[in-house]
2 protein chains.
Amino acid sequence: MILGFAESAHQAQALAAELGLAHASVDLHRFPDGESRLILPQTADRHVWLYRSLDYPNDKLVELLLTARGLRGAGVERLSLIAPYLCYMRQDMAFHAGEVVSQRVIGAFLAELFDDVISVDPHLHRISELAQAIPARHAVSLSAAELFGRYLANEKDALLLGPDEESAQWVSAIARVSGLDYAVASKLRSGDKAVTIQLPAVAVAGRRIILVDDVASTGHTLAAITRQLLAAGAIEVSALVTHALFAGDALEVLRQAGVSRIGSSDSIPHAVNVVRLAPLLARAVREMKLVEKCG
Amino acid sequence: MILGFAESAHQAQALAAELGLAHASVDLHRFPDGESRLILPQTADRHVWLYRSLDYPNDKLVELLLTARGLRGAGVERLSLIAPYLCYMRQDMAFHAGEVVSQRVIGAFLAELFDDVISVDPHLHRISELAQAIPARHAVSLSAAELFGRYLANEKDALLLGPDEESAQWVSAIARVSGLDYAVASKLRSGDKAVTIQLPAVAVAGRRIILVDDVASTGHTLAAITRQLLAAGAIEVSALVTHALFAGDALEVLRQAGVSRIGSSDSIPHAVNVVRLAPLLARAVREMKLVEKCG
């Protein structure tokens, strides 16, 4: 069974349909005092796949705790989390003395609740494998690059641009599938919002640019790159991101910077979703089931 | 050391002063995407007392997880939570099939993080001891009744009124210390906001009434009682509660119902706080230290 929550019932249902599994939603109510009440559907399944992206995560993490303990109490033996967007992956070291390395704490917490965790394009910096952050039985990190590459296959002559060197491998994978050129900028970040960008040494004047990134959070990075690209003569800048997080006024920030089109995967449900992750997630679920069955 | 958070730094500091312990605050920042960053103060203490009330709890629970794991990682051996207001104590059974009994799940979660938990007037219905909800080494439930009784000692001729039969013992303790008469109403609750009240069989016409309760959440219970009391001829209705939770427009609801004065303990920092819990909490901390030392 795929068990979802109301905010992404559509996505969870699509995944269940791909897999031929039953789908149900947790009945979630938030009381006026900020507490959550959860009613779980009855199931005879001993293996449950819980679907939930962890944007704006704190409420959701507490609700995952309640859900996981509730399901275990009801006899579920194997519990797998499908979280297309994972939270707390960016605080992967102590930037100040005494700073809590939340990636490690939240990763261990998820591994205590779930046997398996599947995610898409998690924002990993100083570690290479999701399993280093989440010590679950299986911690599977998928990439939206191939789906993005196919989605962009008709965008002839556009230049794909990644925001930083770390994105180079991912951007090149999108480029390979789509047949587009690509380049990556360099990014210097200080604090929540201050970002300095250095454009790559390729001509952008007269070109259509497609910015690709794993997540648009405050939007300040993509906005800054867009302004520089337009100042350098680019004729159009659009953006495609895996996770449409868009904290606060991020969409407005992007539009004011001159981003003409904005698209994303449906990892976080949003009006800008253009790429469905269900086929990618379904393949990962099938593979995990096969591994489980055949060793 | 008493370690607190900004929203209740004043209360944590007052407690530290009573005990002659050092006080520090966790440096907490919430990012625009809803994630929390915590920086813990350096300490050589092997036993840390963490002070935080758990109103609007989900963010705070995740931050307690981060804090507790961070402190353990830094070598803290004994970690005691002082949570004057405890969350999730009301969902103590499954009211519907499949409903998660969050009291049990959150209680177990707190017991995993902390060796000890101290709270004040937790809202326990179907269990008598806090330790049944929170299986920590020590789970101590304190009562604000004595402090409330002393606070009300000058309110001559007023009638103390508890909202339901369950409050009888607590209200009678306040009455004993204050020297006031008391009675209790009967309460029938259905859903979040629907409450039916039956006033006690005592004359209220011409009397000043002081409603006492453990928590004012939506305010609907106290508002309903107030309307009935005023309709029955009471000349003034005021309210004193342990926990000034006041979800949403609760204060407005109370004022519109005709509650003239509203007071509370400082378990949840609020403009209506009139009773300091520091002396009560300090006594509990001293006793726990003594038990620990002398067996």
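Here are three short exercises on this predicted model, each with a worked solution. Residues are numbered from 1 along each chain as written, and chains are lettered from A in the order written. Local features need pLDDT of at least 70, and side-chain atom pairs count only at pLDDT 80 or more, with side-chain values taken from heavy atoms.

**Exercise 1.** Check whether the length of helix α2 (residues 57-73) of chain A agrees with its residue count.

*Solution.* Start with the rule: the expected span is 1.5 Å times one less than the number of residues. For the 17 residues of α2 in chain A, that gives 24 Å. Next, compare the end C-alpha atoms, which lie 24 Å apart, in agreement.

**Exercise 2.** Decide how far α2(A) is enclosed, and look at the residue after the helix.

*Solution.* Buried means under 20% relative accessible area with a 1.4 Å probe, protein chains only. By that cut-off, 13 of the 17 residues of α2(A) are buried, so the helix is largely enclosed by the rest of the structure. Then move on to A:G75, which follows α2(A) and has a positive phi, near 100°.

**Exercise 3.** Place A:T218, classify its accessibility and find a side-chain partner.

*Solution.* First, locate A:T218 in the loop between β13 and α7 of chain A. Second, its relative accessibility is 12%, so A:T218 counts as buried. Third, look for a polar contact (a pair of N or O atoms within 3.5 Å, one able to donate a hydrogen and the other to accept it). The side chain of A:T218 makes one with the side chain of A:H220, at 2.9 Å.

Technical notes:
Helix = DSSP H or I, 4+ residues; strand = E, 2+ residues; numbered from the N terminus. Buried < 20%, exposed > 50% of the residue type's maximum accessible area, 1.4 Å probe, protein only.
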